[in-house]
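Colleague: Could you take me closely through the surroundings of the ligand in this model, and then work outwards to the rest of the fold?

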Amino acid sequence: MAEIQLKGISKSFDDNKVIKSLDLSIANGEFITVLGPSGCGKSTLLRIIAGLESQSSGDVIIDGREVNNVRASERDLAMVFQSYALYPHLSVQQNLMVPLKLRRLSRLERFPLLNWFLPKRSSKMIELNEKVLQAAETLQITHLMERKPGQLSGGQQQRVAVGRAMVREPVAFLMDEPLSNLDAALRVHMRAEISELHRKLKTTFVYVTHDQAEALTMSDRMAVMMDGEILQHDTPSEIYNNPVNLQVAEFIGSPKINVLPAESDSKGGITCMGLPISLSMKTPKQGSIMLGFRPEHTELLSSNSNNCFEGKITYKENLGSDIYLHVNLKEDQHKMIVRSEPDKALDAKIGDMVKIGWMVDKVMAFERNGQSLPTKSKS
Ligand SMILES: Nc1ncnc2c1ncn2[C@@H]1O[C@H](COP(=O)(O)OP(=O)(O)O)[C@@H](O)[C@H]1O
Ligand SMILES: [Mg+2]
């Protein structure tokens, strides 16, 4: 198990500053995800932790020891990549054995023919076989040991790749989008398997992904990364419910949060496109602000409701468990996506006029520059 600290890490490729003075503390045994859009620097960050890439400045500290000049092979971390990087000509058993042989056997001992002359080799091999078998049992791949990677499904290959990291008994696992080559159903299944593996092993996991569902479901804490910076580092629920700014609010949540222009008065009262919202700012300040309404915090109201948004349905998405209505609001051509329970929206048709209400204690307020604004509901 390991505690990993990143202090003031930056990285440039020529003029391209990919990581900008980044700090991150990862506790012993924690499962942390680094979530961000493609190109924001996630893989580069993971490679810097692993020692596969050197940072331009800053320190990587593992268990209190600065490892800036320690080689990847000596950092005791195991990396699992998006492309599983298995050896195609070796069986699953041999694939699992490779990292162990490289670490535990001397150059001479790696030649099987020398078995007779190197008596220690046999006992070491028994021990290594035992480790491989243990990992295979944990991952439930013992029945696949004689197959080659080409004879395995994507999910099975993924398990072998994790197994290969496991046999080394690393102090931390670094995983770079390990599920992104799998189809949707298998991805959901493997999410649960990797979480389960973390519970069993109790080792530190640093998991990089662009998939918010993975980050929200799997991690103890997640770090939201954009443009080489970590914008927020907290529990999934805190990031979902209290995003530090509009960028984070818009990145987390599917469908995306609805954002509408609003005004706050000198007493802190808020109106949104002419409608009073029963919400006030904790620090009153007159001016233009923005309000965020997550689709699941809005609802269809009956036609005789007052003080609500009104608009025309332009698109209906029926997901079975939920229906999402895309609505063009009357005012200013703003759009809104509303989540509804299926039976409430079954009859709603494209072109219908609808009224929309909101859960006031879930509405989020942001300054024009996107910073989150503290509010309190009046009700
Ligand atoms: N070896 C490299 N040489 C030059 N540019 C690189 C190199 N590796 C990554 N980059 C650039 O750094 C940025 C971040 O890349 P990466 O860390 O792979 O992002 P992510 O994993 O979040 O998609 C990209 O603009 C990419 O082109
Ligand atoms: Mg990447």
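Modeller: The shell around ligand 1 is made up of F13, N16, V18, G36, S38, G39, C40, G41, K42, S43 and T44. Bear in mind that all of this is read from a predicted model. Sorted by class, that shell has three nonpolar residues, seven polar ones and one charged one. Two elements, β2 (16-26) and α1 (42-50), each put in at least two residues. Of the contributors, α1 gives the most, with three residues.

Now follow those two elements into the fold. β2 belongs to an open sheet of four strands, ordered β2-β1-β4-β5, with antiparallel pairing. β2 and β5 (65-66) are the edge strands, and each has a single partner, so one side of each is left without a neighbour in the sheet. The partner of β2 is β1 (residues 4-13), and the two pair in the antiparallel sense over seven bridges. If you want a spot to fix the register by eye, I9 stands opposite L22 in β2. As for α1, that helix packs on this sheet and touches β1, β2 and β4 (57-62). The direction of α1 makes about 120° with that of β1. So much for the ligand side.

There is another sheet to look at. This one is open too, with six strands in the order β6-β7-β8-β3-β9-β10 and mixed pairing. Its edges are β6 (77-80) and β10, each with a single partner strand, so one side of each has no neighbour in the sheet. From one strand to the next, the twist averages 15°. At the β6 end, four bridges join β6 to β7 (residues 172-176), and these two strands run parallel. Here L77 stands opposite A172 in β7.

Have a look at helix α4 as well, which covers residues 154-166. Its 13 residues reach 18 Å from the first C-alpha to the last, close to the 18 Å expected at 1.5 Å a residue. α4 is mostly covered, with ten of its 13 residues buried. The buried ones are Q157, Q158, R159, V160, A161, V162, G163, R164, A165 and M166. In general, an α-helix has 3.6 residues a turn, so residues three or four places apart point the same way.

Last, some backbone oddities. Most residues other than glycine have a negative phi, and most peptide bonds are trans. D227 goes against that, with a positive phi near 50°. D227 is in the loop between β9 (221-226) and β10 (229-234), which brings us back to the end of the six-stranded sheet, where β10 is an edge strand. With 15 C-beta neighbours inside 10 Å, D227 counts as partly exposed. M273 is another non-glycine residue with positive phi, also near 50°. M273 lies in the loop between β12 (269-272) and β13 (275-281). M273 has 16 C-beta neighbours inside 10 Å and therefore counts as partly exposed. Then there is the peptide bond from S254 to P255, which is cis, with omega near -5°. P255 is found in the loop between α8 (246-251) and β11 (258-264).

Notes:
Residues numbered from 1 in each chain as written. Chains lettered and ligands numbered in written order. Predicted model: local features only at pLDDT ≥ 70, side-chain atom pairs only at ≥ 80, totals over all residues. Buried ≥ 20, exposed ≤ 12 C-beta atoms within 10 Å, placed from the backbone. Expected span 1.5 Å × (residues − 1). Pairing = 2+ DSSP bridges. Axes fitted to C-alpha atoms, helices over the stretch in contact; angles between N-to-C directions. Near = placed C-beta within 6 Å. Nonpolar A, V, L, I, M, F, W, Y, C, P; charged D, E, K, R; others polar. Contact = placed C-beta atoms within 7 Å.
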